[in-house]
Amino acid sequence: MSLAAPVLAPRTPFAAGDRFAIVVGDSQPARDAAQFLTDESWRVDRIPSIRSGHAEERLRNASVVILDAGATAEPVGETMELLREICPEAATVLLAGANSPRPDFTGLGPARPRTVPTPVRRESLLTALEAEMGYRSLLRENRILRDELRAATRLEDWVGCSNEAAEIRSALTTTAFSDGPVLIVGEPGSGRRLAAELIHRLGRQSSLPFVPLHAASLPAGGLGPILAQLRRGDREPAAGTHDLRAGSLYLSGAERLRPGDQAILDDAVRRPPPFRLLVSASPDLPGRVRAGTFSKGLFRRLETAAIRIPPLRERREDIPALLLHFLKQSGETSGEPPFGISGATVAACGGYHWPGNTAELRMWVESAVATARVSRFSGAVLPETLCPTPEGATPPAGDIGTRSLKEVIAGIEKTFIERALRRTGGNQKRAAQALRLNPTTLHEKMKRHGLLQTPASDPATRGAGVRRTGTD
């Protein structure tokens with residue numbers, strides 16, 4: 001075989017560390033391939049088979065593996081599976097003759113090798129190596145970018161363990177890696193803005209700002225100037241003008257757009273702007289289309305890429321996870337230690353219909369954390385429509401009329417002191433710190449409410465520093 005063929009210079013030069021190849025096999029095609037690479041200043045090692053002595057250790061350092069299809073006793077597909085385990089990052093090239101059995105690479109995915117026909121020609125071998133190594137480099141870069149993206153944006157931010165939550169996370173991922181406008185349909189408070197923010201942060205223009213805009217706040221014809229300014233922001237701004245660039249424009253409440261602004265939005269959908277257009281609307285949008293108050297053509301174009309978010313009452317399995325998530329967030333924001341949450345409260349939350357959806361649940365948790373700074377998180381700090389007032393908490397409005405204001409306040413104060421003492425094991429100093437009181441003031445209040453220790457026959461009350469008051 002003549003070796004006088006012209007040398008091909010790779011279009012993408014290989015790095016010095018990438019020029020180490022292992023040729024598997026002892027046939028003439030394998031020897032020719034090794035000679036070609038040696039002539040091209042490659043560092044080449046030859047092994048008779050991947051199961052030979054020290055073969056695995058040598059393969060782990062290879063950037064390229066050239067496998068002679070006739071050098072393996074088992075099917076080539078099985079050999080490739082083994083190579084993928086030993087050196088998953090290495091590019092692979094298969095030398096196969098016209099009479100070689102057709103390899104079965106089912107399930108290999110990106111590890112499928114590039115085939116070079118035998119007898120081996122220098123041009124075909126170097127071309128195959130360049131293409132395979134370029135492809136492997138793209139795979140590595142893609143994996144690194146995805147890892148960085150996952151680190152910057154966690155889809156776990158969409159909290160929930162229901163099937164609906166899993167479908168939403170899948171739809172967000174699919175939509176984020178595509179182009180064009182997106183319609184997010186859901187009731188107010190269901191998480192439409194969070195979905196839009198996740199799409200933006202997962203998308204290609206995440207480094208540019210996320211610009212929110214509410215349709216109800218726009219004057220008639222107000223959408224056009226904003227879109228025009230955002231379009232100009234992608235170019236060099238004129239002297240004296242404000243440069244407003246955007247990666248995504250989030251327009252919420254699109255069902256409230258006036259007819260003129262609907263036409264402007266329709267034009268933006270048909271002529272995609274340099275930023276991502278994210279639109280949210282309520283579930284009654286199709287009804288508005290039928291009633292003629294919303295453009296049928298605009299709705300049809302937006303609906304081609306739509307994500308639907310069910311209301312919280314239709315995905316009650318997510319409520320416990322959302323409760324814990326909001327509880328943790330609120331504790332971190334307020335600087336308070338985590339509060340406990342009873343099973344009865346979780347059950348009560350699951351039975352409530354939550355007309356305000358996730359936003360209402362978050363609001364009540366934040367309110368509860370702000371209210372229950374020194375008390376155990378319980379139904380006492382949740383809305384009366386959600387769960388009944390537990391014993392010892394603030395009396396219902398109907399009972400207040402039978403007691404003076406002084407008596408009501410004294411009862412609340414006594415309850416808080418009892419809870420603080422129970423949480424600190426009767427330690428008055430720690431209880432005073434939790435209640436943010438002077439220890440002397442706490443002692444006086446305990447004396448006033450009859451909470452100082454008195455002789456008792458129950459040994460469990462001795463040394464506790466507080467009379468037994470029942471369980472919380």
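Colleague: Let me start with a helix. What do the buried residues of α7 pack against?

Modeller: The buried residues of α7 pack against β7, β8 and α8. Do keep in mind that this is a predicted model. The buried positions in question are L223, G224, L227 and L230.

Colleague: What makes you say that the buried residues of α7 line one face of the helix?

Modeller: Looking down the axis of α7, the buried residues fall within an arc of 130 degrees, so they line one face of the helix.

Colleague: α7 also turns up in the largest nonpolar core, I believe. Which elements give two or more residues to this core?

Modeller: The largest nonpolar core has 27 residues. The contributing elements are β6 (182-185), β7 (210-214), α7 (223-232), β8 (248-252), α8 (259-270), β9 (276-281), α9 (285-291) and α10 (296-302). Inside this core, L183, L249, L251, L265 and L277 have the most contacts. Take L251 as an example: leaving out residues up to four places away in sequence, L251 touches L213, H214, A215, L218, L223, L257, L265, L278, V279 and S280.

Colleague: Why would one expect such a grouping of nonpolar side chains?

Modeller: In soluble globular proteins, nonpolar side chains tend to be buried together. Here there is also a second, separate core of 20 residues, with A33, V64, V116 and V120 among them.

Colleague: Now a pair of cysteines. Why is C161 called exposed or buried, and what about C349?

Modeller: C161 has a relative accessible area of 53%. The cut-off for exposed is over 50%, so C161 counts as exposed. C349 comes out at 1% relative accessibility. Buried means under 20%, so C349 is buried.

Colleague: How many disulfides are there?

Modeller: The count comes to zero. A pair of cysteine sulfur atoms has to lie within 2.5 Å to be called a disulfide, so a count of zero says that no pair meets that rule.

Colleague: On to the largest pocket. How much space lies in it, and which element gives the most to its lining?

Modeller: The largest pocket holds about 560 Å³. Of its 25 lining residues, D157, L194, F326, T358 and R362 are the closest to the centre. α11 gives the most to the lining, with six residues. At least two lining residues each come from α6 (192-202), β8, α11 (319-334) and α13 (357-371).

Colleague: What makes T358 buried or exposed?

Modeller: Its relative accessibility is 13%. That value is below the 20% limit, so T358 counts as buried. T358 sits in helix α13. Not counting residues up to four places away in sequence, T358 touches G189, S190, L312, R315, L322 and F326.

Colleague: Let's turn to the backbone. What makes the phi values of S41 and W354 worth a second look?

Modeller: Most residues other than glycine have a negative phi, and most peptide bonds are trans. Phi of S41 is near 70 degrees, a positive value in a residue other than glycine. Phi of W354 is also positive, near 50 degrees. S41 lies in the loop between α1 (28-39) and β2 (43-47), and W354 in the loop between α12 (343-351) and α13.

Colleague: How do you know whether S41 and W354 are buried or exposed?

Modeller: S41 has 59% relative accessibility, and exposed means over 50%, so S41 is exposed. W354 has 0%, which is under 20%, so W354 is buried.

Colleague: Which residues does the cis peptide bond join?

Modeller: The cis bond joins T118 and P119, with omega about 0 degrees. P119 belongs to the loop between β5 (114-117) and α4 (122-152).

Colleague: One last residue. Why is E303 called partly exposed?

Modeller: Its relative accessibility is 34%. That is neither under 20% nor over 50%, so E303 counts as partly exposed. E303 is in the loop between α10 and β10 (306-308). Its C-alpha is 7.9 Å from that of V182, although E303 and V182 are 121 residues apart in sequence. Setting aside neighbours within four places in sequence, E303 is in contact with L183 and R308.

Colleague: And how many helices and strands are in the whole protein chain?

Modeller: The chain has 17 helices and ten strands. Of its 472 residues, 42% are buried. Among contacts with a separation of 6 or more, 69% join residues 24 or more positions apart.

Methods. Residues numbered from 1 in each chain as written. Predicted model: local features only at pLDDT ≥ 70, side-chain atom pairs only at ≥ 80, totals over all residues. Heavy atoms only, no water. Core = buried A, V, L, I, M, F, W, Y, C linked by side-chain atoms within 4.5 Å. Buried < 20%, exposed > 50% of the residue type's maximum accessible area, 1.4 Å probe, protein only. Helix = DSSP H or I, 4+ residues; strand = E, 2+ residues; numbered from the N terminus. Contact = heavy atoms within 4.5 Å. Arc of directions from axis to C-beta. 1 Å grid on protein atoms, 1.4 Å probe; cavity = no way out; pocket = protein on both sides within 12 Å on 5 of 7 lines; lining within 4 Å. Points joined across faces, edges and corners; volume = space filled by probe spheres on them.
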